[in-house]
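I am opening a fresh page for this protein. Come along while I look up a few things, one at a time.

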Amino acid sequence: MVPKSLRVRIVMAENVQLGSVTRLARGKGGTIRCAQIHSSAASMTDISAPQTSHHRAVRWWLVSIAALIAIMVLVGGATRLTESGLSIVEWKPVAGTLPPLNQEQWTQAFEAYKTIPQYRELNAGMSLAEFKTIFWWEWSHRLLGRVIGVAYLLPFLWFLWRGALSAELRRRLWLIFGLGALQGVVGWWMVASGLSERVEVSQYRLATHLMLALLIFSAIVWTLRRMADRPPSAASSRLKISSVALLVLTFVQLYLGALLAGLRAGRVYNTWPHIDGALIPSAARLFFEKPWWRNLFDNTLTVQFEHRMVAYALFVLAILHALDAVRSRAGAIAVNGALWLAAVIILQAALGVLTLLNQVPVLLGLAHQAVGMSVLTLAIFQAERLAARQRERQQQKLALPVSHIS
């Protein structure tokens with residue numbers, strides 16, 4: 001029980017404070033009522049706190065998905081480098097989640113693998129223990145794909161239920177989900193190409209599978225960047241165009257790298273800077289298949305030569321972009337982004353040469369692929385950073401809806 005004298009002093013203090021607020025407001029030509037003060041403060045707390053919480057949660061969710069996709073790409077690269085991609089000859093989206101659990105199931109899986117051309121022509125006489133090694137790589141790759149699907153869909157549905165996503169953000173995320181579902185189908189389409197008439201998967205389908213994964217990854221990273229509250233860039237049009245050119249060239253280079261892996265073309269012509277005895281091979285060697293355009297995708301010499309030429313173009317363009325950013329004083333963020341991108345492209349070029357000279361050992365091949373993902377990420381950052389946009393319009397499109405958050 002509070003003493004009466006203390007209650008009187010508390011009430012008098014509150015009256016003094018309210019009176020001061022009222023006098024201050026009247027001095028500025030207005031009147032503030034106590035109920036209005038409490039109502040405004042309460043409404044600000046109820047809206048801004050949940051909005052900030054949901055915004056942060058959405059961002060961390062998308063960061064986690066992007067990280068999982070990057071890991072998925074590396075596991076896929078290891079699966080390719082270890083020739084493990086055809087070790088599972090069936091597509092069972094649900095039942096395939098569990099690996100063989102006893103000797104009988106392992107024997108059945110091994111016998112199924114023995115029916116395809118890869119075993120008969122490349123791995124005849126393989127032991128069950130050796131089969132388990134390649135099986136675990138492919139099984140891990142498929143399991144990670146299922147994990148990404150669940151990790152994307154369940155939080156996405158929860159955010160939709162909570163009304164935590166704006167209309168623009170919902171459209172983007174539904175599109176990304178659709179691409180993810182398509183990726184599962186493309187993955188099996190790729191594997192199926194190596195089960196009957198080939199000893200490996202089609203390089204066309206392998207490249208399609210990789211590029212779709214990178215497209216999904218890029219869409220998530222771009223969306224994350226657009227959710228950030230940053231002022232528009234004041235960079236020149238030339239700098240913006242060169243940043244987009246770097247991003248496009250990076251995608252082209254990654255596609256050629258996938259073709260190279262599909263053809264095992266990194267294990268031939270293992271000299272540098274010469275290729276097939278010259279800096280530029282003869283046209284007769286580059287274009288001997290008919291029609292000529294098939295050489296761009298099927299000829300191991302032509303595909304490796306393309307990969308080298310695009311690497312040189314990326315190297316030169318990255319250096320010029322960085323010099324332009326410094327000379328034009330595009331701002332610290334743009335300059336640092338250009339310098340980091342150039343540095344990582346130089347590192348990637350050095351790793352590419354080492355990987356080629358050593359005939360693509362697994363660890364160097366994975367390092368080359370990991371740095372390639374880093375180049376793509378930094379290229380997305382730089383292109384998005386320099387892209388012209390209206391700050392207020394972008395905030396309205398990708399901001400979390402206030403009225404639906406509770």
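**Entry 1: Asp324.** I started with Asp324 and found this residue in helix α11, which covers residues 300-327. Is Asp324 buried or exposed? I looked up its relative accessibility, which is 14%, so Asp324 counts as buried, the limit being under 20%. Next I asked which residues Asp324 touches once neighbours within four places in sequence are set aside. I found contacts with Arg238 and Leu239.

**Entry 2: confidence.** I reminded myself that this is a predicted model, and I checked its pLDDT. The protein averages 84, and 81% of the residues score at least 70. Which element has the highest mean pLDDT? I was pleased to meet α11 again, at 96, while helix α1 (residues 4-27) has the lowest mean, 45. Over residues 6-14 the pLDDT is below 50, and I noted two contacts for this stretch beyond near neighbours in sequence. Residues 402-406 also stay under 50, and there the model has twelve contacts beyond four places in sequence.

**Entry 3: α8 and α13.** I then turned to helix α8 (residues 237-263) and its packing with helix α13 (residues 362-386). Their axes lie 9 Å apart, at an angle of about 155°. Because the angle is over 145, I wrote α8 down as roughly antiparallel to α13. I noted the crossing of the two helices as left-handed.

Which residues meet there? From α8 I listed several, including Leu239, Leu247 and Phe251; the α13 side includes Val375, Ile380 and Leu386. By class, I noted ten nonpolar, four polar and one charged residues in the contact of α8 with α13. Leu239 was a familiar name, since I had already met this residue as a contact of Asp324.

Key: Residues numbered from 1 in each chain as written. Predicted model: local features only at pLDDT ≥ 70, side-chain atom pairs only at ≥ 80, totals over all residues. Heavy atoms only, no water. Helix = DSSP H or I, 4+ residues; strand = E, 2+ residues; numbered from the N terminus. Buried < 20%, exposed > 50% of the residue type's maximum accessible area, 1.4 Å probe, protein only. Contact = heavy atoms within 4.5 Å. pLDDT = per-residue confidence, 0-100. Axes fitted to C-alpha atoms, helices over the stretch in contact; angles between N-to-C directions. Parallel < 35°, antiparallel > 145°, perpendicular 65-115°, else oblique. Left-handed = near helix turned anticlockwise from the far one by under 90°. Nonpolar A, V, L, I, M, F, W, Y, C, P; charged D, E, K, R; others polar.
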